[in-house]
Amino acid sequence: YEQTGELTVDGAFSITNDAEFTQNNKLTLAGNGDLTVNDWVWINNYPAQQWNNIFVSSGGWIKSGLETSLEITAVNLSIDSSSGIDVSGRGYQKHPEITGMAGASHGGSGGYDEGESINQTYGNYKEPVTMGYAGGSSEEYRGGGAVKLTLSGKLTNNGGIYANGNQSSSGGSVYLDVNQIEGSGYIYANGGNGNYVSNEGK
């Protein structure tokens, strides 16, 4: 399902199980404006939306479009153990300045083979909002995407938040501006493994 214009839903908002819904514009829900992503995939390309509570459960996932940062503003966001936010491989393809077989860099230097140049690091560790780049020799891989969560209330993460890079690519960014965090879930923005130990992304 691909949203184009503004959409107002007066009743319950539900998507077929395992289906994808791509939000490209304002989505107004009935009642208190809570959104439940239950066993479907929400691809959010509309950062201007203000949400009340977001519940991600029963195999539900939140993702971004390619080369599009995922920005969510809400009161509370809850992720159960079977669900998560995943922008892995949603970042950039190989940059012209990334040469040879060397792994892509980001917050840390990517791996490299003997005789290869180390790719330059970039980004802001205090406010990480940049996406990763592909590295190595392939033009098909992508770096990790970028997630920014702005919550006036609580993030409950019992699943995972992922911004990993593909093979030899650098990880992306996860920026949490939240009042409270709880849960036993994971947060990763790892670089991808290389064909050799020395050309992993960072």
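Colleague: What is the bridge partner of Leu 77 in E11?

Modeller: Leu 155. Leu 77 belongs to strand E9, residues 76-79, and Leu 155 to strand E11, residues 146-157. This is a predicted model, in which local features need a pLDDT of at least 70, side-chain atom pairs count only at pLDDT 80 or more, and totals for chains, interfaces and linings use all residues. Residues are numbered from 1 along each chain as its sequence is written, and side-chain values use heavy atoms, with hydrogens and water left out.

Colleague: What makes E9 and E11 a pair of strands?

Modeller: Two strands pair if DSSP finds at least two bridges between them. E9 and E11 have 3 bridges and run parallel, so they meet that condition. Strands of a sheet pair through backbone hydrogen bonds, either parallel or antiparallel.

Colleague: How many bridges join E11 to other strands, such as E8 and E13?

Modeller: E8 and E11 share 5 bridges in the parallel sense, with Thr 73 opposite Thr 150. E11 and E13 are joined by 9 bridges, also parallel. One of the partners there is Ser 173 in E13, which stands opposite Ala 146.

Colleague: What is E6 paired with?

Modeller: Strand E4 (residues 35-38) is joined to E6 by 4 parallel bridges, and Asn 38 faces Ser 57 in this pairing. E6 and E9 also pair in the parallel sense, over 4 bridges, with Phe 55 matched to Ser 78.

Colleague: Why is E6 called mostly covered?

Modeller: Buried means under 20% relative accessible area, exposed over 50%, and partly exposed in between, for a 1.4 Å probe and protein chains only. Of the 5 residues in E6 (53-57), 4 are buried. Over the protein chain, buried residues make up 44% of the 202 residues.

Colleague: What makes a strand a strand here, and how many does the protein chain have?

Modeller: Strands (E) are DSSP runs of at least two residues, helices (H or I) are runs of at least four, and both are numbered from the N terminus. The protein chain comes to 14 strands and 0 helices.

Colleague: Which strands stand at the edges of the open sheet of 6 strands, and why?

Modeller: The order of that sheet is E2-E5-E7-E10-E12-E14, with parallel pairing. E2 (20-23) and E14 (186-188) are the edge strands because each has a single partner strand, which leaves one side of each without a neighbour in the sheet. Neighbouring strands of this sheet are turned by 15° against each other on average, direction ignored. Those angles are between axes, lines fitted to C-alpha atoms (for helices over the stretch in contact), and run from 0 to 180 degrees between N-to-C directions. Within this sheet, E10 (residues 84-86) and E12 pair over 3 parallel bridges, and Ile 85 stands opposite Ile 161.

Colleague: What makes a group of residues a nonpolar core, and which have the most contacts inside the largest one?

Modeller: A nonpolar core is a set of buried Ala, Val, Leu, Ile, Met, Phe, Trp, Tyr and Cys residues joined through side-chain atoms within 4.5 Å. The largest has 29 residues, and Trp 42, Trp 51, Ile 54, Leu 77 and Ile 85 have the most contacts inside it. At least two residues each come from E3 (27-29), E4, E6, E8 (70-74), E9, E11 and E13. E11 gives the most, with 4 residues.

Colleague: What does Leu 77 touch?

Modeller: Contact means heavy atoms within 4.5 Å. Leaving out residues up to four places away in sequence, the residues that Leu 77 touches include Ile 54, Val 56, Ile 85, Leu 149 and Leu 155.

Colleague: Why is Ser 170 called buried?

Modeller: Its relative accessible area is 0%, and the limit is under 20%, so Ser 170 counts as buried. Ser 170 lies in the loop between E12 (160-162) and E13 (173-182).

Colleague: How do you know that Gly 135 is buried?

Modeller: Gly 135 has a relative accessibility of 0%, so it counts as buried. Gly 135 lies in the loop between E10 and E11. Gly 135 and Met 101 are 34 residues apart in sequence and 7.1 Å apart in space, C-alpha to C-alpha.

Colleague: What is the mean pLDDT of the protein chain?

Modeller: pLDDT is the predictor's confidence in each residue, from 0 to 100. The mean is 86, and 89% of the residues reach 70 or more. Over residues 196-202 the pLDDT is below 50, and this stretch has 37 contacts in the model beyond near neighbours in sequence.
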